[in-house]
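Colleague: I'm new to this one, so could you walk me through it? Let's put it up on the screen and start from the beginning of the chain.

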Amino acid sequence: MKILVTDQSGTRHELEGLESWRVMEVIRDWGLNIKAECGGACSCATCHVYVDESWLKRLLPASPEEEDLLYTAPGRQANSRLSCQILLSDALDGLEVTLAPSSAKD
Ligand code: FES
């Protein structure tokens, strides 16, 4: 399955991912600029992405822990999510996200 990721410079990437992988892991393993400091433990918010509006309703709701972290994430928007908290499934094949500026490593 594929996800479409727009990086901080506006370049769009089509990335191959596997079922049950975290979106953050796919983005990181393909070498895009994502900090993901805590490695997916839902404690850093440096995997912040903006989810394309057409996909928002297809995601499971954010957990209270994710909501708390997002509240403090720089540049938070209504479509903000933590990419380590989104697990890939067939239903999310083609998911489109944009990396938030605060997710950059440098
Ligand atoms: S990688 Fe730290 S919250 Fe997602």
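Colleague: Along S1, which residues point to the buried face?

Modeller: Bear in mind that this is a predicted model. The side chains of S1 alternate between two faces. Lys2, Leu4 and Thr6 point to one face and are not buried. The buried ones on the other face are Ile3 and Val5.

Colleague: Which residue of S2 stands opposite Thr6?

Modeller: S1 and S2, the latter covering residues 12-16, run antiparallel and are joined by five bridges. Look along that pair for Thr6, and the residue standing opposite in S2 is Arg12.

Colleague: And in the hairpin of S1 and S2, which residue takes a positive phi?

Modeller: There are five residues between the two strands of that hairpin. The one with a positive phi, near 95 degrees, is Gly10.

Colleague: What is the strand order in the open sheet?

Modeller: Start from S1, which has antiparallel S2 as a partner. S1 also runs parallel to S5, with four bridges joining them, and Ile3 stands opposite Leu95 there. Further along, S3 and S4 are antiparallel and share three bridges. The sheet has five strands with mixed pairing, in the order S2-S1-S5-S3-S4.

Colleague: Which strands are at the edges?

Modeller: An edge strand here pairs on one side only. From one strand to the next, by the way, the twist averages 35 degrees. The two edge strands are S2 and S4, the latter at 80-82.

Colleague: What is the bridge partner of Val49 in S4?

Modeller: Val49 belongs to the pairing of S3 with S4, where the strands run antiparallel. Its bridge partner in S4 is Arg81.

Colleague: Which element gives the largest share of the largest nonpolar core?

Modeller: That core has 21 residues, and those with the most contacts inside it include Ile3, Val23, Met24 and Ile27. Strand S1, helix H1 (23-29), strand S3 (48-51) and strand S5 (95-99) each supply at least two residues. The largest share, four residues, comes from H1.

Colleague: Staying with that core, what is Ile27 in contact with, leaving aside its neighbours within four places in sequence?

Modeller: Ile27 is among the residues with the most contacts inside the core. As a general point, nonpolar side chains tend to be buried together in soluble globular proteins. With those sequence neighbours left out, the contacts of Ile27 are Val5, Leu15, Leu32, Ile34 and Ser83.

Colleague: Is Glu96 buried, partly exposed or exposed?

Modeller: Glu96 is found in strand S5 and, beyond residues up to four places away in sequence, touches Leu4, Asp52 and Trp55. Its C-alpha atom is 9.3 Å from that of Glu14, although the two are 82 residues apart along the chain. Being buried takes 20 or more C-beta neighbours within 10 Å. Glu96 has 16, so it counts as partly exposed.

Colleague: Zooming out, what is the radius of gyration of the protein chain?

Modeller: The chain has three helices and five strands, running β-β-α-β-α-α-β-β from the N terminus on. The globule rule gives 13 Å for 106 residues, and the value here is close to that, so the chain is as compact as a globular protein of that length. The radius of gyration is 12 Å.

Colleague: Last one: what percentage of the residues count as buried?

Modeller: The C-alpha trace spans about 30 × 30 × 25 Å along its principal axes. Of the 106 residues, the share that counts as buried is 30%.

How values were computed
Residues are numbered from 1 along each chain as its sequence is written. This is a predicted model: local features need pLDDT of at least 70, side-chain atom pairs count only at pLDDT 80 or more; totals for chains, interfaces and linings use all residues. A nonpolar core is a set of buried Ala, Val, Leu, Ile, Met, Phe, Trp, Tyr and Cys residues joined through C-beta atoms within 7 Å. A residue is buried if 20 or more other C-beta atoms lie within 10 Å of its own, exposed if 12 or fewer, and partly exposed in between; C-beta atoms are placed from the backbone. Two residues are in contact if their C-beta atoms, placed from the backbone, lie within 7 Å. The radius of gyration is taken over C-alpha atoms; the globule rule is 2.2 Å times the number of residues to the power 0.38. Two strands pair if DSSP finds at least two bridges between them. Axes are lines fitted to C-alpha atoms, for helices over the stretch in contact, and angles run from 0 to 180 degrees between N-to-C directions.
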